[in-house]
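Please look over the sequence and the structure shown here before reading the notes below, and keep both at hand while going through the points.

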Amino acid sequence: MPDKNTYPVQLIQPDGQRVHDRVHAPLIADIDGPRLRALYADMVVARRIDTEATALQRQGQLGLWPPLLGQEAAQIGSAHALESDDYVFCSYREAGVAYCRGVAPEDLTRLWRGAAHSCWDADQVNMTNPAIVVGAQGLHATGYAYAAHLEGAEIATIAYFGDGATSQGDIAEALGFAATWSAPVVFFCQNNHWAISAPVRVQSATPIANRALGYGIPGVQVDGNDALAVLAVTRQALRHARAGGGPSFVEAITYRMGPHTTADDPTRYRTAAELELWQRRDPIDRMRRLLEREDLWDSDFEATVAARADDVAARLRTATLTMPDPDPDQLFDHVYATPHRLIEEERREYAAYLEGVGR
């Protein structure tokens, strides 16, 4: 047992005051006024992407959408720590990370509308597409990181997943392999307290970050609603990986304020009082209070951010509503990296079937 209590890393209190942390504050010493504003702006845009996509699903324009409401600091703070040649392996909720990686708003809903097998070209932004298989991306990130290490590439990978995924065997296997082979991967757990209707207390009787210690991997808990703290610990973990130090585990403690997906009704399993508690810890409000305290907030900046969010939302909506239906033949595209005999046979059989039913 530890000889003293440890607490999640925090650099901004909910009221916007700075926390003087001698270990982690130096990691974000370069984050000046313009970069603080950039963090805030990206968080606002991420929330607007989320609310627009949720509205589109409610209007019947998307089949499904996994909201990120309340998790903006965890996503934007960590995304700002990444270098362009690092590789991101996401789950299904990281639209904010995708936006920071350069994914165009027009591409964010392609998969969720059922118009394509993916949303964006992963190689253009060094980020995989949304993955519904829970926890599989941990293995993919570890394998990619180890291969990069063997080739001498000084990069890191990061695997995003939720608290529920830590109960999956894939994550356990990824942690074991990464520790044994010193793969330069950062395991980034967004602990949003709910794996659909299962509370985090049934996932682990100990802080989730402590699980990493059993594999010999350093783990840290961070206030996931504090963008600066998330940026600091993610930078630390990524630098550790790039320098050859091996894997790290970050548990960002945050809260999913919306449903698990738009097919979920969270009022059936959690209380209004719990939601109200976390609404008072809203990550965007916290960053705004910091900007106000440091004289970085004014009406012109507020209007600029709002206009940017409006533009991104309009682009996302227009692209979704005008997205063409895919040709049925595209079902067989990109299944394998190179031509495959069986796939071509299936393509011909399906074309004959469509012709037979008069399509």
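The briefing below covers a pair of packed helices, the nonpolar cores, the cysteines and one arginine.

The model is a predicted one. Within it, helix α1, which covers residues 33–58, packs against helix α12, which covers residues 299–321, and α1 is also the element that gives the most to the largest nonpolar core.

**The packing of α1 and α12**

- The two helices, α1 and α12, meet at an angle of about 35°, and their axes lie 9 Å apart, with α1 passing α12 in a right-handed crossing.
- On the α1 side the contact includes Arg37, Tyr40, Val44, Arg48 and Leu56, while on the α12 side Phe301, Val305, Arg308, Leu316 and Leu321 are among the residues that take part.
- Sorted by type, the residues in this contact of α1 with α12 comprise 15 nonpolar, seven charged and one polar.

**The nonpolar cores**

- The largest nonpolar core is made of 69 residues, and those with the most contacts inside it are Tyr40 and Leu228.
- To this core α1 contributes 11 residues, the most that any element gives.
- Separate from that core there is a second one of 23 residues, and Phe161, Leu175, Ala178 and Ile208 are among its members.
- When residues up to four places away in sequence are not counted, Tyr40 touches Ile284, Met287, Arg288, Leu291, Trp297, Phe301 and Val305.

**The cysteines**

- A disulfide is a covalent bond between the sulfur atoms of two cysteines.
- How many disulfides does a search of the whole structure find? The search finds zero.
- Why does Cys100 form no such bond? The cysteine sulfur closest to that of Cys100 belongs to Cys90 and is 13 Å away, which is too far for a bond, because a disulfide needs the two sulfur atoms within 2.5 Å.
- For Cys189 the closest cysteine sulfur is again in Cys90, here at 15 Å, and this too is too far for a bond.
- Is Cys189 buried or exposed? Cys189 is buried, because its relative accessible area is 0%, whereas Cys100 is partly exposed, with a relative accessible area of 26%.

**Arg347 in helix α13**

- Arg347 belongs to helix α13, which runs through residues 341–356.
- Although arginine counts as a charged residue, Arg347 is buried, because its relative accessible area of 17% is under the 20% cut-off.
- Leaving aside neighbours within four places in sequence, Arg347 is in contact with Asp329, Phe332 and Asp333.

Note on methods. Residues are numbered from 1 along each chain as its sequence is written. This is a predicted model: local features need pLDDT of at least 70, side-chain atom pairs count only at pLDDT 80 or more; totals for chains, interfaces and linings use all residues. Side-chain values use heavy atoms; hydrogens and water are left out. Axes are lines fitted to C-alpha atoms, for helices over the stretch in contact, and angles run from 0 to 180 degrees between N-to-C directions. Helices (H or I, at least four residues) and strands (E, at least two) are DSSP runs, numbered from the N terminus. A crossing is left-handed if the near helix is turned anticlockwise from the far one by less than a right angle, and right-handed if clockwise. Contact means heavy atoms within 4.5 Å. Buried means under 20% relative accessible area, exposed over 50%, partly exposed in between (1.4 Å probe, protein chains only). A nonpolar core is a set of buried Ala, Val, Leu, Ile, Met, Phe, Trp, Tyr and Cys residues joined through side-chain atoms within 4.5 Å.
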